[in-house]
Amino acid sequence: AQSDPFDLVVFGGTGDLAHRKLLPSLYHREPVGQLGEGARIIAVSRRPLSDDEYRDWARKAICEHVADIDQDALERFLARIQYVSVDVAQNTGWETLEQTLAGREGVVRAFYLSVSPDFFGPICSSLGEHNLVTEKSRVTIEKPIGKNGKSAHTVNETIGSVFKEHQIFRIDHYLGKETVQNLMALRFANVLFEPLWNAAHIDHVQITVAETLGVEGRAGYYDTAGALRDMVQNHLLQLLCLVAMEPPESMAPDSVRDEKLKVLKALHPMSAEMVERNTVRGQYRAGASAGGAVKGYLDELGHPDSHTETFVAAKVDIQSWRWANVPFYLRTGKRLAARVSEITIQFKDLPHSIFLPGAGRIAANKLVIRLQPDEGVKMQVMIKDPGSSSMRLREVPLDMTFAEAFNVRQPDAYERLIMDMIRGNQTLFMRRDEVEAAWKWIDPILEHWSHLKEAPKPYTSGTWGPSASIALIERDGRTWHDES
Ligand code: NAD
């Protein structure tokens, strides 16, 4: 459906995220007619630029990142864009923004803060001081939200002093992915899965988010974060919540978020001893990736004694009846052997086999939900080997990916999330208490790691991380799902 008129004010309009994701995603909503008359985009950044100069920059960004461009739609889209220069650090330029927004108090006014988190507070305060926050305002903030529970609380307080919780959209783009939506459909639009979705039938769950890239010139920022903060606190825990939560009453934002919050609160807090036993930190060394030789993390960073982890594996317990003794194994890292994000639900072995040993090994059922590179859902099932005269069994994937069958373009997560935000739907955005509950579980791990003398375990670039992460799962008689 076509949107109501809106003003989307993008702070950081000349940044990397705007270039790669925000502008291309917004453009995609134009040819399908979703951007209504009176939908405007106001890019804000420090540099002085004219509207036309910025539109040229936006045109290049879109042409670089979008495959099939409809020229008419592109012109219509660019005509919606205006540019305003505001220097947040110097606190200048706000009057121009005021003038640009004047007279539009009745339409949705969405602020997107695609800037350094240090600016979240100052921008919100200035928006308040200049009376730019209206009843119909919303604000979207990017990760990271804080570096620990305490700083996340401060960020939330600052933003909360200007915007009400129903106006605040904390983005986790993993939640906008098509397959993540499909996980909800699979669990709650079928009668097949939910009765089995518990400790009686599921052996364990794996969540892997593997990147082949390194820190790509962002070593300075990354060294202050590390994989636990950068990936686990938000993306992996959000995925874990969607797998583990009880059926919400409806898709209403607070129904879903209440259930996710319960999962976060049920995560078994890690003692020092558990951190040593159930977590593995790694850091990449030189090696080969994507066919070329690559440097190690410490060389990229330029100082030899950083203990920042570029890899984490963890065995996580959820303290509930549904998940008693069902470990969730999480792992994420940079410079790994392949770029793959997936969730594997490993069902239990058959209680009893009626087949002769010669029928072959009966593999336990497995549901694999792949978020990237090619999004899709596959269920591994056993069938009779077709055509064989004796009863021989074979494992085959039941492919539940329909994008190819319907030949549809998979929308980028940002497309859905930005439009949801404009419509005011918070279901796929994190609520304040979720973010703070996630940090409450993460903080003790960071704390215990900080007391450890030894460095993170080294791993060669282009491998699956330190061998200790393989040992972490193999000592339980299990293996990481083969990603190939
Ligand atoms: P960036 O450094 O490329 O862009 C920052 C933007 O802020 C630029 O437009 C710059 O002009 C503007 N800016 C800097 N100083 C300013 C000032 N004093 N006044 C006004 N504007 C100023 O950053 P980015 O990579 O686009 O990231 C933006 C946000 O998104 C950050 O919070 C980041 O953590 C988050 N994020 C980025 C990515 C990504 O892939 N780039 C992914 C996830 C989250």
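**Entry 1: strand 14 and its partners**

I looked up Ser 341 first and found Gln 372 of strand 14 as its bridge partner. The model is predicted, so I kept its terms of use in view: local features need pLDDT of at least 70, side-chain atom pairs count only at pLDDT 80 or more, and totals for chains, interfaces and linings use all residues. Residues are numbered from 1 along each chain as its sequence is written, and side-chain values use heavy atoms, with hydrogens and water left out.

Strands here are DSSP runs of E with at least two residues, helices are runs of H or I with at least four, and both are numbered from the N terminus. I took two strands as paired if DSSP finds at least two bridges between them.

Strand 13 (residues 340-347) runs antiparallel to strand 14, and 6 bridges join them. Another pair I noted is Glu 342 with Arg 370 of strand 14. Arg 370 also stands opposite Gly 376 in strand 15. Strand 14 and strand 15 (residues 376-384) are antiparallel, paired over 5 bridges, and a hairpin of 3 residues joins the two.

Is strand 14 enclosed, and why? 7 of the 7 residues of strand 14 (residues 366-372) are buried, so the strand is largely enclosed by the rest of the structure. Buried means under 20% relative accessible area, exposed means over 50%, and partly exposed lies in between (1.4 Å probe, protein chains only).

**Entry 2: Ile 369**

I picked Ile 369, which sits in strand 14. Ile 369 counts as buried because its relative accessibility is 1%. Leaving out residues up to four places away in sequence, Ile 369 touches Thr 179, Leu 183, Ser 341, Glu 342, Ile 343, Ile 345, Gly 376 and Val 377. Contact means heavy atoms within 4.5 Å. Ile 369 and Thr 179 are 190 residues apart along the chain, and 7.1 Å separates their C-alpha atoms.

**Entry 3: the sheet around strand 14**

I traced the open sheet of 9 strands, which has mixed pairing and the order 16-15-14-13-7-12-11-8-17. Strand 16 (393-399) and strand 17 (457-460) are at the edges with a single partner strand each, so one side of each has no neighbour in the sheet. From one strand to the next, the twist averages 20 degrees.

Helix 9 lies across strand 7 (202-210), strand 11 (311-316), strand 12 (328-333), strand 13 and strand 14, at about 145 degrees to strand 12. Axes are lines fitted to C-alpha atoms, for helices over the stretch in contact, and angles run from 0 to 180 degrees between N-to-C directions.

**Entry 4: the other sheet**

I then traced an open sheet of 6 parallel strands in the order 3-2-1-4-5-6. Its edge strands are strand 3 (81-85) and strand 6 (168-170), each pairing on one side only. Strand 5 (residues 137-141) runs parallel to strand 6, with 3 bridges between them. Val 139 is opposite Ile 168 of strand 6.

Helix 4 (residues 94-101) lies across strand 1 (6-11), strand 2 (39-45), strand 3 and strand 4 (108-113), and runs at about 180 degrees to strand 2.

In helix 5 (residues 120-129) I listed Phe 120, Gly 121, Ile 123, Cys 124, Ser 126 and Leu 127 as buried. These buried residues of helix 5 pack against strand 1, helix 4, strand 4, strand 5 and helix 6 (149-160). Asn 131, just after helix 5, takes a positive phi of about 55 degrees.

**Entry 5: cysteines**

How many disulfides does a search of the whole structure find? I got 0 disulfides, where a disulfide is a pair of cysteine sulfur atoms within 2.5 Å. Cys 124 counts as buried because its relative accessibility is 0%. Cys 63 counts as partly exposed, at 40%.

**Entry 6: core and domains**

A nonpolar core is a set of buried Ala, Val, Leu, Ile, Met, Phe, Trp, Tyr and Cys residues joined through side-chain atoms within 4.5 Å. The largest nonpolar core has 144 residues, and Leu 97 and Leu 367 have the most contacts inside it. Helix 9 (residues 227-244) gives the largest share of this core, 12 residues. Domain 1 and domain 2 each contribute at least three residues to this core.

Not counting residues up to four places away in sequence, Leu 97 touches Val 9, Phe 11, Ile 42, Val 44, Val 84, Val 86 and Leu 132.

The domain assignment gives domain 1 (6-142) and domain 2 (175-412 + 431-474); such bounds come from an automatic or database assignment. I noted 34 Å between the centres of domain 1 and domain 2, taken over C-alpha atoms.
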